[in-house]
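Welcome, and please open your viewer. We will move from stop to stop, selecting a few residues each time and looking at what is there.

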Amino acid sequence: PPRRLCAVPRYFFHILNDEITIDEEGADLIDLDAARERAIESARSLVCESVRKGHLNLEHRIEIADERDARVMTVTFREAFTIQG
């Protein structure tokens with residue numbers, strides 16, 4: 001891949017739910033905290049989609065990888081929200 005001049009890291013968000021979706025594009029984000037926030041927002045959206053279909057697996061996850069494709073963090077759907085009641 002071409003070298004980028006930008007110093008902002010690129011993160012990739014691989015989704016492991018009923019299917020495995022590999023993120024080949026990634027997103028330039030300021031740091032890992034920003035990447036985690038993006039993963040949480042994505043997980044919330046995916047959880048809503050699952051609930052509309054009548055099921056939910058809280059062990060589904062989004063794996064965040066760096067530019068070397070090394071996993072730097074995993075966010076489970078369970079981490080994306082608080083369950084009450």
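Which element gives the largest share of the lining of the second largest pocket? That element is H1, which supplies three residues. Keep in mind as you look around that this is a predicted model.

**Stop 1: the pocket.** Select Ile-15, Asn-17, Asp-18, Glu-19, Thr-21, Leu-46, Glu-49, Ser-50, Lys-53 and His-55, and you will have the lining of the second largest pocket on screen. The space inside this pocket comes to about 170 Å³.

**Stop 2: the helix.** Now select residues 32–52 to show H1. How far apart are the C-alpha atoms at its ends? They lie 30 Å apart, and because 21 residues at 1.5 Å a residue should span 30 Å, the helix agrees with what is expected.

Next, colour Ala-35, Ala-39, Ile-40, Ala-43, Leu-46, Val-47 and Ser-50, the buried residues of H1. They cover an arc of only 140° around the axis, so they sit on the same side of the helix. To see what they pack against, show strands E1 (10–16), E4 and E5. Two of the residues you just coloured, Leu-46 and Ser-50, are buried in H1 and also belong to the pocket lining from Stop 1.

**Stop 3: the two ends of H1.** Go to the start of the helix and select Asp-31 and Asp-33. A side-chain oxygen of Asp-31 comes within 3.2 Å of the backbone nitrogen of Asp-33. Then travel to the other end, where Gly-54 follows H1 with a positive phi, near 95°.

**Stop 4: a loop between strands.** Show strand E4 (61–65) and strand E5 (71–76), then select Asp-66 in the loop between them. Is Asp-66 buried or exposed? Its relative accessible area is 12%, and because buried means under 20%, Asp-66 counts as buried. Add Arg-10, Phe-12 and Val-72 to your selection, since Asp-66 touches these residues when those up to four places away in sequence are not counted. The side chain of Asp-66 also reaches the backbone nitrogen of Arg-68, at 2.9 Å.

**Stop 5: another aspartate in that loop.** Finish with Asp-69, which is also found between E4 and E5. Asp-69 is exposed, with a relative accessible area of 53%, whereas Asp-66 is buried. Look at the backbone here too: Asp-69 has a positive phi of about 65° although it is not a glycine.

Definitions and conventions:
Residues are numbered from 1 along each chain as its sequence is written. This is a predicted model: local features need pLDDT of at least 70, side-chain atom pairs count only at pLDDT 80 or more; totals for chains, interfaces and linings use all residues. Side-chain values use heavy atoms; hydrogens and water are left out. Helices (H or I, at least four residues) and strands (E, at least two) are DSSP runs, numbered from the N terminus. Buried means under 20% relative accessible area, exposed over 50%, partly exposed in between (1.4 Å probe, protein chains only). A polar contact is a pair of N or O atoms within 3.5 Å; within protein, one must be able to donate a hydrogen and the other to accept it, and residues adjacent in sequence count only if both atoms are side-chain atoms. Contact means heavy atoms within 4.5 Å. The expected span of a helix is 1.5 Å times one less than its number of residues. The arc is that of the directions from the helix axis to the C-beta atoms. On a 1 Å grid over the protein atoms alone, a cavity is a set of points where a 1.4 Å probe fits but cannot get out, and a pocket is an open set with protein on both sides within 12 Å along at least five of seven lines; lining residues have an atom within 4 Å of a point. Grid points are joined across faces, edges and corners, and a volume is the space filled by probe spheres set on the points.
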